[in-house]
Amino acid sequence: MTGRSADRGRTLVSQALIDRFGTRASTASSVLDHHSHDESWHFATRPDIVVYPETTDEVRAIVGLARDHRVPIVPFGAGTSMEGNCNPVRGGVSIDTSRMDAILSIDPDNRDCRVQAGVRRTHLNEMVRDTGLFFPVDPGADASIGGMAATRASGTMTLLHGSMRDLVTGLTVVLGTGDVVQTGGRVRKSSSGYDLTRLLIGSEGTLGVITEVGLWLKPIPSASVAGLFAFDHTSDLVECVHDVTALGLSLARLEFMDPLEVRILNAYSKTSFPEKPTLLMELQGDDNRVQSDFAVLLEIAAPVSTLVHKAITQEQKNALWKLRHDIAYAEKQYRPGADLFVTDVAVPLSNLATLVESVRRHAADTGILAPIVGHIGDGNIHVTLLIDRSSDAEVEAAERFHDWIIGEALRLEGTITGEHGVGMGKRKYLAIEHGISVSVMRGIKAKLDPLDLMNPGKIFPDDYA
Ligand SMILES: Cc1cc2nc3c(=O)[nH]c(=O)nc-3n(C[C@H](O)[C@H](O)[C@H](O)COP(=O)(O)OP(=O)(O)OC[C@H]3O[C@@H](n4cnc5c(N)ncnc54)[C@H](O)[C@@H]3O)c2cc1C
């Protein structure tokens, strides 16, 4: 398509969307800006128009219209992703799912529910609380369930409860072909055909628009206890994590902070935790189990760590986890004016201490402020580079650091992204991790999105045939 006819197609699509959706379609500057970026470091690009459908049929109509005129389609949930995943790098139609916010069903007996894709995770939890159940995937941000499925999100409680990969029962999706498919079901196991649910989970809007999501719910634990342990050495901390996870204790959260991150949090929260490798943990279950597991945990951790803080009441636990959730604010305050370049790699637990120590050495060698947090039970760490964006030298150094950490993670048998997805930021590393398998992924993309309209410019490098 030539430039002029492409422009004409975009204009026609925008006009048709305004005609059909009225105030639920917008080209207002502030709306385009809001949909031009996520929460990441990556550059923003505006869509041509933003549209707010309410049903699967409306999404199908939008996809059909965009297909007719070869206009890109970019699903948008809450815009909290961290790799430029929802940035419309080639413009087009941003499909904002925020009005698809209905809880369609809750079945306490089967412990499952079905929601529209735009439902936020905190809203879902408010709506199911009275049943004694909850949805445990907690990525920190108040993300949409559709966005969480599309990024295969996990979070602080993956260790005990699983990630989106484990907790989605099925999906309704408008594919890039324009077809609407239902995947999965409401059973705990099935050997029936290819697992399309898990293919679409983590597809980052590049295969279709998820309109409905079925989810497993979990019983709200009757008791929990949390603690903060300071270790002298990261290797002892990782060994302790290895031992306690191997014992099958009812561990729901195991979060790591390196000494620099603790210093940053202390400065922000006016706390005085020891600036040492630190483990934040939470056990969940019934009271007897939690108490006895905590005693075992203490026995294992005591020789190599100090229990600095124990949180028993809900208030104490909330205060402790608020510290963890405030990290981004604390980092911003620590170096005023700095931008946060957040990395996300995962390695096998047995290689984690090596990775953390080599990151700390590399940060010292390069002079980059690089605090580390991690969902350590999953072998997943985030090194955040605090960078002055107005300095070309710092930006280049940050990019070199990123290349380096990806190389280290792969050398240590890990992955280029533990939970944030590939988005714009990690496309160049995809083939390094997956080799020829990227061709298989490309083939699937070509089948489900033959016109390459679904969130183009994501996951695959441009030059990948
Ligand atoms: C402070 C903070 C902490 C975070 N911590 C974590 C964490 O611990 N774990 C974690 O996994 N993530 C974390 N994230 C990242 C983010 O919250 C997740 O990636 C989340 O799943 C994104 O959901 P969203 O609704 O914001 O999606 P968006 O950002 O809107 O979109 C993300 C991607 O999904 C696609 N998409 C959105 N909706 C749909 C749909 N209905 N159908 C098809 N594709 C769709 C988009 O096109 C895009 O590719 C964090 C982010 C922040 C800001």
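**Exercise 1. Determine which residues Val383 touches, not counting residues up to four places away in sequence, and whether Val383 is buried or exposed.**

Solution. Begin with the contacts, where contact means heavy atoms within 4.5 Å: outside the excluded sequence neighbours, Val383 touches Phe341, Val342, Thr343, Val359, Ala370, Pro371, Ile372, Phe401 and Ile405. The model is a predicted one, in which local features need pLDDT of at least 70 and side-chain atom pairs count only at pLDDT 80 or more, while totals for chains, interfaces and linings use all residues. Residues are numbered from 1 along each chain as its sequence is written, and side-chain values use heavy atoms, with hydrogens and water left out.

Next, place the residue: Val383 is found in strand β19, strands (E, at least two residues) and helices (H or I, at least four) being DSSP runs numbered from the N terminus. Finally, Val383 has a relative accessible area of 0% and is therefore buried, a term that means under 20% relative accessible area, with exposed over 50% and partly exposed in between (1.4 Å probe, protein chains only).

**Exercise 2. Identify the residues that touch the most other members of the largest nonpolar core, and the elements that give two or more residues to this core.**

Solution. A nonpolar core is a set of buried Ala, Val, Leu, Ile, Met, Phe, Trp, Tyr and Cys residues joined through side-chain atoms within 4.5 Å. Of the 48 residues in the largest nonpolar core, those touching the most other members are Leu283, Ile376, Val383 and Leu385. Two or more residues come from each of β12 (223–231), α9 (234–246), β13 (251–257), β14 (278–285), α11 (287–301), α14, β19 (380–387) and α15. A separate second core has 30 residues, among them Leu124, Val137, Leu200 and Leu215.

For Leu385, the contacts beyond its neighbours within four places in sequence are Asp339, Leu340, Phe341, Ile368, Leu369, Ala370, Ala398 and Phe401.

**Exercise 3. Describe how helix α14 packs against helix α15, and then how α9 packs against α14.**

Solution. Axes are lines fitted to C-alpha atoms, for helices over the stretch in contact, and angles run from 0 to 180 degrees between N-to-C directions. Helix α14 (residues 352–366) packs on helix α15 (residues 392–411) at an angle of about 160°, their axes being 11 Å apart. The two helices α14 and α15 are therefore roughly antiparallel to each other, since angles over 145 degrees count as such, under 35 as roughly parallel, 65 to 115 as roughly perpendicular and the rest as oblique. On the side of α14 the contact is made by Leu355, Ser358, Val359, His362, Ala363 and Thr366, and on the side of α15 by Phe401, Trp404, Ile405, Glu408 and Ala409.

Turning to the second pair, the axes of α9 and α14 come within 9 Å and cross at roughly 155°, and α9 and α14 are therefore roughly antiparallel to each other. Here Thr234, Ser235 and Val238 in α9 meet Leu352, Ala353, Val356 and Glu357 in α14.

**Exercise 4. Establish where Phe256 is found and which residues Phe256 touches, not counting residues up to four places away in sequence.**

Solution. Phe256 is found in strand β13 and is buried, with a relative accessible area of 0%. Apart from the excluded sequence neighbours, Phe256 touches Thr234, Leu237, Pro277, Thr278, Val356, Ile372, Val373, Gly374 and Ile376. As a last step, compare sequence and space: Phe256 and His382 are 126 residues apart in sequence and 9.9 Å apart in space, C-alpha to C-alpha.
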